[in-house]
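Visitor: I am new to this structure and would like a close look at one part of it. Could you take me through that part slowly and then show me what surrounds it?

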Amino acid sequence: MKKILLFILVFALTVPFFASCGAMSDDAPAIKAGETEVSLREFRYRYNNNIEGFKSVYGERLESAKKVDFSKPLTTQPYINDNTISWADYFADYTVRALKNFCLFAEDARVNGITLSADDIKMVDDQMEIVKSQIEKTGLSPEEFFGNGITLDMYRSYLERNLLGNNRYYSELAAVEISYDECLEYAKENTDKFYTVNYYSYKFKASDYNVSYKEATDAANKFVSSVTNINEFEKILVDTVLSDDEKAAYTEGKYFVSNKYKSVLDEDLQVWAFDANRKAGDFITVTDTEGVVVYMFAGLELPSYPSYNYRCIFISKDNKSVDASDIVAEWENGGKGEDLFASLASEYSDDAESALNGGLMENTMFSGLGNGFYAWTTSTERAYGDVSTFTGEDGSYILFYVSEGAPIWQSQAISELEAIKFNAYIDELAEKYGFTANENVIKRVKK
C-alpha cells in the first residue's frame, strides 16, 4: 500500500492550479497533529485535486442527472446524500479524512524517533523525477503547476511526510493480533452476517390454485405432522410422499440444503431461519407459484469454505513494457521457487500494495482475478508452487499458489476486527497528539 498512498499527491497532476486569492496566510495550519501540520496552501492543493479526480470519474454522470453542477459554486449545492452539507463541505471533509492518518502517524513516527530508510529516500527521489518530467511536459513552472506557491521542495516534503506516516501506519497495523476466540465471539454477535443456515426442503406441487393448492397444502401439513425429529425427514418423505420416479432418482441427502447465507434466502425464510428462538426440527411452509414448499430447520453453522494464500503479479493492460509470459519465463529460467516469484512481484507488479510484500495475498476471498482463476485455485489438484496466468478486463494476473487460508468467515472477522481495533487506536492517537482540523482555515478553500 505504500506506493499507492505515496502517489496520492501525484495521480491528479493533470490540471494545473494557479494561486488563489485570500487574506489569510497560506502557511496557516489547516490540519495539525502535535508538531506535524498541513498548511492552507497544501490543503487547498489537495482539495482542488480531489475535486478534479472526482469529476474525471463521476462528474459527467452526476451532472447529467442534475445532482451537481461543477460550473457553479459548490458551496451553494447540497450534497446528494445529505442535504445538511454542501458539495464543498463534502470535498473538504474528504480531504481532512485523506490527510488525517498521514499526519497522525507521521507525528507518531517523529515522537518515536523513526525516520525514512535509504530505500524510502530513493522512492521519493524516483517520484520526484516523475513529477519533474510531468511538469516539463506542461511548459509551466513548478509554482504554476502546483499552484498556491507550492515549490518542488515543498512537494517533496509532503511526500516524505506522507511516506513516513504511511510506514508507521502499516507497522502498527501489522502489530494488531486477532485470536480465533475473538473471531468466534464476533461472529456470534453478528449471526446474520457470518452464519449460514442448513435445512431440508420438499415442494408439494400444484397446478390449479383453487383445487390443487388445497391438496398440496393438505399433503404438506400431513407430512409435517408425521415427522417428529430431524433425522426422519427424508425417510418419511421416501416412504410416504415420493412418486416412483422420484424414488428412482433419490440419493441420501438429496433434499438437504447447506450453507445458505441469509442474504440469498427469500424474505420469509430470512426472518424464520435467523429467529433467535429457532431450533432444529422446526417447520415452515411457503406457497410459491408451483405449489407448497416445506422447510425443516437443521441449524446454523459457520461455513468451512476456505480463503486462499497466493502470490500475484499484476500486469496492467496499459503497461506495454513487460509481458506476463516473459515474467513466467524469467521465473522458470531462474530456477522457479517462491522466493524468486516474490522478487519478481516486487520488481514487476503494477499492484503497488501487494508488490511491497512480494505479491503475497493472505486469507483472500475471490475478487475476479481473471477468467478461470476460481476454478484453478479451488481445484483438488492444486498444489504448492503451481503457477498460472489469467486475463481480466484490467490486465493479466500471474498466480503462485501457496495454500488454503483460514475459513472465509474467520478471514472476514479478522479484517473487520482489525479495522475496529485500529480505528480505536487512531482515535487514541488523535487525542494524544491533539489532532485538529481548523474550520476557520479550511473554509478558505471551499468554493
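How many bridges join strand β9 to strand β12, and which way do the two strands run?

Guide: Strand β9, residues 306-316, and strand β12, residues 395-407, are joined by 10 bridges and run antiparallel. Before going further, please keep in mind that this is a predicted model, with a mean pLDDT of 89 for the protein and 94% of its residues at 70 or more. One pair of residues shows how the two strands meet, since N309 has S403 in β12 as its bridge partner.

These two strands belong to an open sheet of 4 strands, in which the order is β10-β9-β12-β11 and the pairing is antiparallel. The edges of the sheet are β10, residues 360-364, and β11, residues 387-392, each of which pairs on one side only. From one strand to the next, the twist averages 35°. As general background, the strands of a sheet pair through backbone hydrogen bonds, and the pairing may be parallel or antiparallel.

On the edge strand β10 we can pause at L360, which counts as buried because its relative accessibility is 18% and the cut-off for buried is under 20%. Apart from neighbours within four places in sequence, L360 is in contact with Y310, R311 and S354. For a sense of distance across the model, L360 and N440 are 80 residues apart in sequence, and their C-alpha atoms are 44 Å apart in space.

Two helices lie across strands of this sheet. Helix α14, residues 324-333, lies across β9, β11 and β12, and runs at about 60° to β12. Helix α18, residues 408-432, lies across β9, β10 and β12, and runs at about 100° to β12.

The aromatic rings offer another way to see how parts of the chain come together, and a search of the whole structure finds 42 aromatic pairs. One of them is formed by Y202 and Y255, an edge-to-face pair with 5.6 Å from centre to centre and 70° between the planes. This pair links distant parts of the chain, with Y202 in strand β5, residues 196-205, and Y255 in the loop between α12 and β6, 53 residues apart. Y202 is buried, with a relative accessible area of 9%, and Y255 also counts as buried, at 11% relative accessibility. Back at the sheet, the rings of W331 and F400 have centres 6.2 Å apart and planes at 85°, so this pair too is edge-to-face. Because W331 lies in helix α14 and F400 in strand β12, the pair ties together parts that are 69 residues apart in sequence. Both W331 and F400 are buried. Y202 and Y255 also belong to a cluster linked by ring pairs, whose members include Y200, F204, F223 and F283.

F283 leads us to strand β7, residues 283-287, where it lies on the uncovered face together with T285 and T287, while I284 and V286 make up the covered face. In general, the side chains of a regular strand alternate between the two faces of the sheet. A hairpin of 3 residues joins β7 to β8, and the two strands, which run antiparallel, are joined by 5 bridges. Within that pairing, V286 stands opposite V293 in β8.

Two residues deserve a note on their backbone. K336, in the loop that follows α14 and leads to α15, has a positive phi of about 60° although it is not a glycine, and at 45% relative accessibility it counts as partly exposed. N259, in strand β6, has a phi near 55°, again a positive value in a residue other than glycine, but N259 counts as buried, at 15% relative accessibility. For context, most residues other than glycine have a negative phi.

Finally, a word of caution about confidence. Helix α8, residues 180-189, has the highest mean, at 97, whereas helix α2, residues 8-11, has the lowest, at 36. Over residues 1-23 the pLDDT stays under 50, even though the model has 65 contacts for them beyond four places in sequence. Where pLDDT is low, the predicted coordinates should not be read in detail.

Terms used:
Residues numbered from 1 in each chain as written. Heavy atoms only, no water. Buried < 20%, exposed > 50% of the residue type's maximum accessible area, 1.4 Å probe, protein only. Pairing = 2+ DSSP bridges. pLDDT = per-residue confidence, 0-100. Contact = heavy atoms within 4.5 Å. Axes fitted to C-alpha atoms, helices over the stretch in contact; angles between N-to-C directions. Phe/Tyr/Trp six-rings, centres within 6.5 Å; stacked < 30°, edge-to-face > 60°.
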